[in-house]
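Got a fold on screen and wondering how to read it? Let's go through it together.

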Amino acid sequence: MASSMLIAAQKNQPNLRVKNRQQATQMVKSQYGGKVLSVQSTKVNGNPGYRAKLLSADGVVFYVSIDAVSGQMSRR
């Protein structure tokens, strides 16, 4: 359901900086390293976006939110 919501948002906002899950995955991998466990479509600050779950090299699980409109990432 969230992915269909994101597809509808993409049609309404063609200027998204992050266009798909694969792009979001590459962004968090290059910024934070570690292993990407999952990436889900979600809302971030009221915009379409993604939530990535990562495993750091020292075994810590953490989350990163990616705003698809601005391309900004924040670790939580």
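What follows is a short back-and-forth on confidence, the sheet and burial.

Q: Where does this model come from, and how is confidence scored?
A: It's a predicted model, where local features need pLDDT of at least 70, side-chain atom pairs count only at pLDDT 80 or more, and totals for chains, interfaces and linings use all residues. Residues are numbered from 1 along each chain as its sequence is written, and side-chain values use heavy atoms, leaving out hydrogens and water. pLDDT is the predictor's confidence in each residue, from 0 to 100; here the chain averages 88, with 82% of the residues at 70 or above.

Q: Which element has the lowest mean pLDDT?
A: Where pLDDT is low, don't read the predicted coordinates in detail. Helix H1 (residues 2–12) sits lowest with a mean of 54, while E3 is highest at 98.

Q: In what order do the elements run?
A: Helices (H or I, at least four residues) and strands (E, at least two) are DSSP runs, numbered from the N terminus. Here that gives α-α-β-β-β-β.

Q: How do the strands pair?
A: Two strands pair if DSSP finds at least two bridges between them. The four strands make an open, antiparallel sheet ordered E1-E2-E3-E4. E1 (35–44) and E4 (73–75) each have a single partner strand, so one side of each lacks a neighbour in the sheet. E2 (residues 47–55) and E3 (residues 61–67) share seven antiparallel bridges, and Tyr50 has Ile66 in E3 as its bridge partner.

Q: How much of the chain is buried?
A: Buried means under 20% relative accessible area, with a 1.4 Å probe and protein chains only. By that cut-off, 32% of the 76 residues count as buried.

Definitions and conventions
Buried means under 20% relative accessible area, exposed over 50%, partly exposed in between (1.4 Å probe, protein chains only).
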